Amino acid sequence: MGGWIGHVLAPTRYLDAASSEPLHPAARETLLAALDAGWADPRRLHHPARSARLLLDNARAAVAEALDVRADEVTFTASGTEATHRGLLGLAAARRHVGRRVVLSAVEHSAVAHAAAWWGTPSEVGVDRVGRVRPDDLVEDCRGGDVAVAALQSANHEVGTTQDVHGVMELGLPDGVPLFVDACASMGRLPLPRAGAALAGSAHKWGGPAGVGVLVVRRGAAWESPFPADDRTDHRAAGFENVPAALAAAAALQAVVAERTEVAARQHALVDRVRAAAAAIGDVDVVGDPVGRLPHLVTFSVLYVNGERLVTELDRRGFGVASGSACTASTLEPSRVLAAMGALTHGNVRVSLARGTTEADVDAFCAALPGVVAELRA
Amino acid sequence: MTDGALELDCRGMLCPAPIIELGRRHAEVAVGSVVAVVADDPAARYDVPAWCRMKGQDYLGEERADDGTPRYLVRRTG
């Protein structure tokens, strides 16, 4: 058992926090303590159950405080994807009588795009070269009287560009169309947008455990369960609550929010170094907004190079990165995000810094990259 | 179908192979002439225009070869 785990955990400079951030120390500590105290059914009335219920309520209150929302607006789900499904489709279900059209940006996460297609007729709004939606375009596309819900992410998960969610709300969506905000890429790292009828987040992206999503449904928003109901502690959730994981996710979120000013400034500057190093190679398309972006993430595409070979070669040298190129996906289709932006889709690398990523890690990556590219282009 | 001074048959190739072919051979035509890239890889639809942007060449658009394969047209600017 120990040997098997040791084999998996080879030393790597991990630069893929956008896929999953390593567990925050605050989450680990809380998780271990809560495993022994939060296993019972929080709906029952006996002592162990009341203990579990107390921990769940504490988790909800802590998440609400960290996000600056009300505790009764917070629901724990089994994943960010489930939070997205329940958020987007719950708003749509409350407007069945209006229509089945779902307006979404062309760069939404596939969880949003798949949910929109499953529910009704998706209507995509294009983006500019850095991947940003013009609020006017989104608002215009919501006219017609047949739109159930609109979706706009807080920030893009592949290229880091932030979206003008507040701009959309200032313009106002027509006919009472509610806005769903997928905040999975930014939750904890940036303040939650003070807009949107429902929002979703994913704990393993901020250093909480996997298997915890956060759904925020604003007070007063019309929301109806799009799936079979359940009789749990929270009418927006289904299934037995993972109380220890929810509490650990809450502890990590509080810790990340408390330290984010310092961490974001450091990461923003380190990502600038990666952007500069990639651009200096030549024939490299550095993608996304250089300033209005997530602090920890950058994507670039290397002309004439196969993305899968690039990822593999970097891994061989000890750097763990992701790629949106078609050859690294299960289909021949390249990243919808890169395609929608008009960015080069092959030779793509996404670098995203974890909380523990050091200046030395980033400088080692910047030093290794030109040699790897030259080798693969030869 | 638009006449191209050079036709690159990239059927069956996956990206970046069609773009490597375009990069290697587009200078074989005179400035102002057109290179046609015939490619069935879906990534070519995005990567041929992206290559044109990065290399300062004119992307003229997409049409179909006789067998229905997408054919992407690039005018050499320099």
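Here is a short chat about how some labels in this predicted model are earned.

User: What should I know about the numbering and the model before we start?

Analyst: Residues count from 1 along each chain as its sequence is written, while chains are lettered from A and ligands numbered from 1 in the order in which they are written. As the model is predicted, local features need pLDDT of at least 70 and side-chain atom pairs count only at pLDDT 80 or more, but totals for chains, interfaces and linings use all residues.

User: Why is Ser110(A) called exposed?

Analyst: Exposed means 12 or fewer other C-beta atoms within 10 Å of a residue's own, buried means 20 or more, and partly exposed is in between, with C-beta atoms placed from the backbone. Ser110(A) has 12 within 10 Å, so it's exposed. This residue sits in helix 5 (residues 110-119) of chain A; helices are DSSP runs of H or I, at least four residues, and strands are runs of E, at least two, numbered from the N terminus.

User: How do you know that strand 6 and strand 7 of chain A pair?

Analyst: Pairing takes at least two bridges found by DSSP. Strand 6 (residues 179-182) and strand 7 (residues 198-202) of chain A share three bridges, in the parallel sense, so by that rule they pair. Phe180(A) stands opposite Ala198(A) of strand 7.

User: What makes strand 2 and strand 4 of chain A edge strands?

Analyst: The open sheet in chain A has seven strands in the order 2-8-7-6-5-3-4, with mixed pairing. Strand 2 (74-77) and strand 4 (121-125) each pair on one side only.
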